[in-house]
Amino acid sequence: MNNAMTLNNPLALNNGVRMPALGYGVFQSAPEETAVAVEAALAAGYRHIDTAAGYGNEREVGEGIRRSGVDRDDVFIETKVWVSDYGYDQTLHAFEKSAAKLGVSQIDLLILHQPMPQHFERTLEAYRALEQLLADGRVRSIGVSNFMPHHLAALRERTTVVPAVNQVELHPYFTQPAVQRANTQLGIVTQAWSPIGGITFYPGWGENRESVLEDPTIGRIAEAHGKTPAQVMLRWHLQRGRSVIPKSTNAERIAQNIDVFDFALTDDQLKNIDALDRGVRGGPDPDDVDPSTWNLEIPEL
Ligand code: A2P
């Protein structure tokens, strides 16, 4: 195992595939910024990139990986199928679209972007396509995102492969204990999106809400360790066994967010951060999502 993999603290998924726990996320990274940012992330030591067909930047993620000079096999690539591509044949084709844009023949982790509660049959068909892609070796692991316990239960009743990962909104102000418990019981890795609470201040989402980055408890813990609030939050996730995919397009913060392997939070500090949960989500409620909410189609190329 090389240094970067050690740094990235691999987690064993339920099918034995190893995934660096800390990945680099590109949600809301403009396509023109993404290739440079991915290159900077790989130079800083990240070996796991999380993107999505719905982010519109898969092509630039692939370009950043190629430009970086890092061997493709040393990078764990995760992407998501968007809801407008749900359905068995549509999702098989969605894989082809994503793989072509990324410029790879195999994807390390392919997940459903979210359940479609009003069209759950199509969600199941999409998942069955992921199972087929896994059986065919086109993807190394499969999973879901934004699934609540009742969505997981419904999926498990009607499909075969246990998802390797469930990527959900998770930061100190919204810790989703019931989702985490359901994931753990099923052997699913919980992966936190908006791990430092970006969703609480993203333009157009929650700019008037309080930012977790300014939380006084986290601030005090950060000061005690000579680290930043973002680093403390990332460390909290990792010590709790979760995967994290912080987003930044700023080179200094990209490097800062992976510099979290030289300190450890105490049990009390972990518990104090757990206790900040307000139970209020920043992003959309997965039960309210319908394709018409988003009106987004994924282009062929
Ligand atoms: P930027 O891209 O300018 O760095 P999340 O991944 O939780 O959604 O958070 C992402 C948001 O947090 C982005 O707005 C990003 O802005 C900002 N961000 C990322 N890393 C840090 C950091 N270390 N300190 C402060 N803000 C950060």
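Student: Why is alanine 52 called buried?

Tutor: Alanine 52 has 0% relative accessibility, and buried means under 20% relative accessible area, whereas exposed means over 50% and partly exposed lies in between (1.4 Å probe, protein chains only). Since 0% is under 20%, alanine 52 counts as buried. Before we go on, keep in mind that this is a predicted model, in which local features need pLDDT of at least 70 and side-chain atom pairs count only at pLDDT 80 or more, while totals for chains, interfaces and linings use all residues. Residues are numbered from 1 along each chain as its sequence is written, and side-chain values use heavy atoms, with hydrogens and water left out.

Student: Where does alanine 52 lie in the chain?

Tutor: Alanine 52 belongs to the loop between strand E4 (48–50) and helix H3, where helices (H or I, at least four residues) and strands (E, at least two) are DSSP runs numbered from the N terminus. In space, its C-alpha is 7.7 Å from that of histidine 113, although 61 residues separate the two in sequence.

Student: What makes glutamate 63 partly exposed?

Tutor: Its relative accessible area is 30%, which falls between the two cut-offs, so glutamate 63 is neither buried nor exposed. Glutamate 63 is part of helix H3, which covers residues 58–68, and its C-alpha is 8.6 Å from that of valine 38, 25 residues away along the chain.

Student: How do you know whether proline 203 is buried or exposed?

Tutor: Proline 203 has a relative accessible area of 62%, and because this is over 50%, proline 203 is exposed. Proline 203 sits in the loop between E9 and H8.

Student: What about isoleucine 196: is it buried or exposed?

Tutor: Isoleucine 196 also lies in the loop between E9 and H8, but its relative accessible area is 13%, and as this is under 20%, isoleucine 196 is buried.

Student: What is noted about the phi angle of serine 194?

Tutor: Serine 194 is not a glycine, yet its phi is positive, at about 50 degrees. Serine 194 is in the loop between strand E9 (189–193) and helix H8 (216–225), and with 11% relative accessibility it counts as buried, because that value is under 20%.

Student: Which residues are closest to the ligand?

Tutor: The closest are Ser194, Ser248, Thr249, Arg253 and Gln256, among 17 residues that surround the ligand; here a residue is near a molecule if one of its heavy atoms lies within 4 Å of it. This shell divides into seven nonpolar, eight polar and two charged residues.

Student: What makes the approach of serine 248 to the ligand a polar contact?

Tutor: A polar contact is a pair of N or O atoms within 3.5 Å (within protein, one must be able to donate a hydrogen and the other to accept it, and residues adjacent in sequence count only if both atoms are side-chain atoms). An N or O atom in the side chain of serine 248 is 2.5 Å from an oxygen atom of the ligand, and 2.5 Å is within 3.5 Å, so the pair qualifies. By the cut-off, the pair of a polar side-chain atom of glutamine 256 and a nitrogen atom of the ligand, 2.8 Å apart, qualifies too. A polar backbone atom of glycine 197 is 3.3 Å from an oxygen atom of the ligand, which is again within 3.5 Å.

Key. Ala, Val, Leu, Ile, Met, Phe, Trp, Tyr, Cys and Pro count as nonpolar, Asp, Glu, Lys and Arg as charged, and the others, Gly among them, as polar.
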